[in-house]
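Could you walk me through this structure in the viewer, one selection at a time? I am new to it and would like to know what to click on and what I will find there.

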Number of protein chains: 2
Amino acid sequence: MIKWTIKNQKTVFESNIFKVRSLACLHPVKSIEHNFHILDMPDWINVVALTEDDKFIMVRQHRLGTDEFTLETPAGLIEKGERPKTAALRELMEETGYKPKNITLMKKLYTNPAIMNNYIYFYLATGCAKIEKQRLDLAEDIEVRLYNKPEIQAMLQNGKINHSIIITALCLYFMGTPIN
Amino acid sequence: MIKWTIKNQKTVFESNIFKVRSLACLHPVKSIEHNFHILDMPDWINVVALTEDDKFIMVRQHRLGTDEFTLETPAGLIEKGERPKTAALRELMEETGYKPKNITLMKKLYTNPAIMNNYIYFYLATGCAKIEKQRLDLAEDIEVRLYNKPEIQAMLQNGKINHSIIITALCLYFMGTPIN
């Protein structure tokens with residue numbers, strides 16, 4: 001197996017969330033050239049958060065990708081220089097007002113190596129207590145909803161939770177360690 | 001909960017795989033304006049494929065997003081007008097040369113509603129037999145590797161499989177229906 005050689009690269013588009021980078025590549029064996037486009041993204045965090053009485057803390061919001069309301073585990077972008085765990089605690093607090101007793105990393109994964117270069121850190125936050133109000137950006141509208149375990153399992157089954165990253169987070173929680 | 005009103009939208013960047021669309025939005029209650037960028041993508045398929053003797057058919061390839069070799073379940077883009085199941089069978093055949101006895105949809109999910117508008121269809125293909133050689137695009141280099149269940153479980157644990165979408169596919173398989 002041979003890697004492409006990146007001969008040249010440049011940013012060809014920039015939004016406030018991601019950049020598109022164009023990679024001019026050469027295959028060292030086949031001697032063919034190919035142009036790839038990848039997305040430069042900040043790393044993400046995603047938090048499966050449970051209250052002191054084991055309710056799942058979920059957030060519902062309008063998402064512009066699909067133009068629908070989506071039910072999700074709290075999540076967000078890691079800020080420049082911020083530690084992943086700090087980002088997880090910050091996003092959980094901002095979006096829901098809850099603070100956990102314990103927080104542990106379940107898994108650090110690549111989001112999508114084919115076109116993205118970032119990691120997503122999946123955390124488990126337990127013993128969460130509501131200690132303050134939400135602190136949302138002006139452009140955020142987030143509704144907090146609590147569910148028990150059978151309700152979450154039913155929504156995984158019936159498609160009410162239909163966001164692949166949220167399914168990943170909840171599967172990591174339900175499968176625990178080891179996966180068997 | 002209120003949805004943003006999309007006042008205006010236009011494609012601001014286009015690659016051979018995705019487009020970036022800029023959405024000028026107005027919040028009907030707060031009366032604030034906000035600009036979102038989303039990615040128009042074709043739908044994707046992903047296939048957990050098992051041979052007749054229950055080996056997992058995995059593919060290893062250089063991915064430019066991370067510039068690393070990644071171990072994945074076979075996957076690809078659905079072509080215009082193609083049925084998802086047809087795409088799953090086609091990609092499995094092209095990337096590996098294997099054809100299944102049975103193929104079933106495990107789950108249809110949004111990839112990432114925050115910034116993408118596409119679906120990913122997760123299939124389970126069983127009783128796969130190698131009936132021909134790979135048929136790769138000129139720009140593809142894909143190595144086929146077979147693993148038994150304990151090897152896959154070990155690689156989920158130890159991070160050798162570290163691609164979130166592949167984790168989702170394998171979790172859906174291992175958790176089965178119902179999720180409990």
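Here is a short tour of a predicted model, going from the contact between two chains to the strands inside each.

**Stop 1: the two chains together.** Color chain A and chain B separately and look at where they touch. The contact draws 71 residues from chain A and 71 residues from chain B. Between them, about 6400 Å² is buried, and carbon and sulfur atoms give 66% of that area.

**Stop 2: a salt bridge.** Now show the side chains of A:Asp141 and B:Lys30. They meet in a salt bridge, at 3.6 Å from N to O. How many salt bridges are there between chain A and chain B? The count is two. If you turn on polar contacts as well, the interface of chain A and chain B has 27 residue pairs of that kind, with both residues at pLDDT 80 or more.

**Stop 3: chain A's side of the contact.** Hide chain B for a moment and select the elements of chain A that touch chain B. Those supplying at least two residues each include the strands β1 (5-14), β2 (19-26) and β3 (33-40), together with the helices α2 (149-158) and α3 (164-175). Also among them are β5 (56-63), β6 (68-72) and β9 (102-110). Which element gives the most to this side? That is α3(A), with eight residues. Coloring by class, you will find 38 nonpolar, 22 polar and eleven charged residues on the side of chain A that touches chain B.

**Stop 4: a sheet in chain A.** Keep chain A on screen and select β1, β2 and β3. These three strands make an open sheet, in the order β1-β2-β3, with antiparallel pairing. Why do β1 and β3 of chain A each have one side without a neighbour in the sheet? Both stand at the edges and have a single partner strand each, so one side of each is left free of a neighbour in the sheet. Look along the sheet and you can follow its twist, which averages 25° from one strand to the next.

Zoom in on β2(A) and β3(A): eight bridges join this antiparallel pair. To see two residues facing each other, pick A:Ala24, which stands opposite A:Asn35 in β3(A).

**Stop 5: a hairpin in chain B.** Bring chain B back and select its residues 5-14 and 19-26, which are β1 and β2. Eight bridges join these strands, and they run antiparallel. A hairpin links β1(B) to β2(B) through four residues. For a last pick, choose B:Glu14, which stands opposite B:Lys19 in β2(B).

Terms used. Residues are numbered from 1 along each chain as its sequence is written. Chains are lettered from A and ligands numbered from 1 in the order in which they are written. This is a predicted model: local features need pLDDT of at least 70, side-chain atom pairs count only at pLDDT 80 or more; totals for chains, interfaces and linings use all residues. Side-chain values use heavy atoms; hydrogens and water are left out. Contact means heavy atoms within 4.5 Å. Buried area is the accessible area (1.4 Å probe) that two parts lose on being put together, summed over both. A salt bridge is a side-chain nitrogen of Lys or Arg within 4 Å of a carboxyl oxygen of Asp or Glu. A polar contact is a pair of N or O atoms within 3.5 Å; within protein, one must be able to donate a hydrogen and the other to accept it, and residues adjacent in sequence count only if both atoms are side-chain atoms. Ala, Val, Leu, Ile, Met, Phe, Trp, Tyr, Cys and Pro count as nonpolar, Asp, Glu, Lys and Arg as charged, and the others, Gly among them, as polar. Two strands pair if DSSP finds at least two bridges between them. Axes are lines fitted to C-alpha atoms, for helices over the stretch in contact, and angles run from 0 to 180 degrees between N-to-C directions.
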